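Got your viewer open? Here is a short tour, one selection at a time.

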Amino acid sequence: MKKTVAILVLLQLLSSVYTESCNEDICASVVSKCILTQSCKCEVKDAACYQSCIMCMGKKYFEECCACVDLCPAKKAPPLSQKSHVEDFEGVPELFDVLVSSPSDDLEYNWNIFTFPVDYEAKTSSSEKHSQLDTELNCTVVYMDSCISWNKCRQTCRSTGASSYRWFHDGCCECVGSTCLNYGVNESRCKHCPELEDEPEEGEDDMYEGFDDNLVDNSI
């Protein structure tokens with residue numbers, strides 16, 4: 001009778017710790033053992049707690065089964081430079097081409113221009129959009145030198161005649177020409193952005209000023 005009760009209690013404990021990310025087929029046996037010995041029962045998730053559970057399961061099983069006991073190390077959030085928002089414009093390609101070929105000193109921001117060849121034939125997903133274009137064209141993108149807010153990036157790129165833009169969450173702004181695929185270059189390359197962390201810029205909290213939560217989020 002006592003054995004039956006013990007089994008029922010164990011099953012109840014197991015059902016309470018298993019989550020969708022817990023692989024029961026692999027983890028059931030080792031997790032059962034470590035629950036019974038209370039090696040993975042931690043009131044405080046500190047180094048001693050993790051060490052006790054790893055010693056009970058073994059490193060290989062802990063990496064596979066930590067979700068079963070809610071002890072998986074927290075995943076680090078991707079750097080802001082790896083997250084970006086994009087948007088399309090009607091665009092004025094003629095204006096954009098003039099500006100990038102003969103930059104004006106009257107512009108509010110300094111920028112860097114990158115031009116590289118794009119093979120449309122290899123990009124089958126964009127075949128319809130560029131069916132009338134040559135199979136090889138150059139893509140030109142413009143990076144603002146300094147960090148600017150999302151709203152400023154949007155306004156600036158629209159004023160250049162760009163066909164789209166990509167604003168990185170670190171404040172880097174990229175205006176994209178009409179012959180580019182996938183919103184230009186998915187890499188933050190602004191010369192002076194992001195700024196050094198030990199020298200925060202005034203108004204940093206305004207970086208997301210006017211930000212549209214419904215805008216497509218490309219975390220690529």
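**Stop one: the aromatic pairs**

Counting rings whose centres lie within 6.5 Å, you get three aromatic pairs in this predicted model. Select F89 and Y165 to begin with. Their ring centres are 5.4 Å apart and the planes meet at 20°, under the 30 degrees cut-off, so this pair is stacked. Now colour by secondary structure: F89 belongs to the loop between β1 (84-88) and α5 (93-101), while Y165 is in strand β4 (residues 164-168). The two are 76 residues apart, so to speak a link between distant parts of the chain. Switch on a surface, and you'll find both F89 and Y165 buried.

Next, select F114 and Y143. Here the centres are again 5.4 Å apart, but the planes stand at 90°, so this pair is edge-to-face. F114 comes from strand β2 (residues 111-119) and Y143 from strand β3 (residues 136-144), so the pair ties together parts 29 residues apart in sequence.

How buried or exposed is each of the two, F114 and Y143? F114 has 28% relative accessibility and counts as partly exposed, because that value falls between the 20% and 50% limits. Y143, with a relative accessible area of 0%, is buried.

Keep F114 on screen and add R189. The charged end of R189 sits over the F114 ring, 5.4 Å from the ring centre.

**Stop two: the nonpolar cores**

Select V31, C40, C53, M57, C65, V69 and L71. In the largest nonpolar core, which has 17 residues, these touch the most other members. Helices α2 (24-36), α3 (47-57) and α4 (59-65) each supply at least two residues of this core, and α2 gives the most, with five.

Zoom in on V69. Which residues is V69 in contact with, leaving aside neighbours within four places in sequence? They are V31, C40, C53 and M57.

Then move on to another core, which lies apart from that one and has 16 residues, V100, I148, A162 and Y165 among them. You've met Y165 already, as the stacking partner of F89.

**Last stop: the whole chain**

Zoom out and show the cartoon. There are six helices and six strands, and from the N terminus on they run α-α-α-α-β-α-β-β-α-β-β-β. Of the 220 residues in the chain, 36% are buried. Try a contact map too: among contacts between residues at least 6 apart in sequence, 64% join residues at least 24 apart. Finally, bring the surface back: the chain exposes about 14500 Å², with carbon and sulfur atoms supplying 50% of it.

Technical notes:
Residues are numbered from 1 along each chain as its sequence is written. This is a predicted model: local features need pLDDT of at least 70, side-chain atom pairs count only at pLDDT 80 or more; totals for chains, interfaces and linings use all residues. Side-chain values use heavy atoms; hydrogens and water are left out. Rings of Phe, Tyr and Trp (its six-membered ring) pair if their centres lie within 6.5 Å; planes under 30 degrees apart count as stacked, over 60 as edge-to-face and the rest as tilted. Helices (H or I, at least four residues) and strands (E, at least two) are DSSP runs, numbered from the N terminus. Buried means under 20% relative accessible area, exposed over 50%, partly exposed in between (1.4 Å probe, protein chains only). A charge sits over a ring if NZ of Lys or CZ of Arg is within 6 Å of the ring centre and within 35 degrees of the ring normal. A nonpolar core is a set of buried Ala, Val, Leu, Ile, Met, Phe, Trp, Tyr and Cys residues joined through side-chain atoms within 4.5 Å. Contact means heavy atoms within 4.5 Å. Accessible areas come from the Shrake-Rupley method with a 1.4 Å probe; for residues, only the protein chains shown count as cover.
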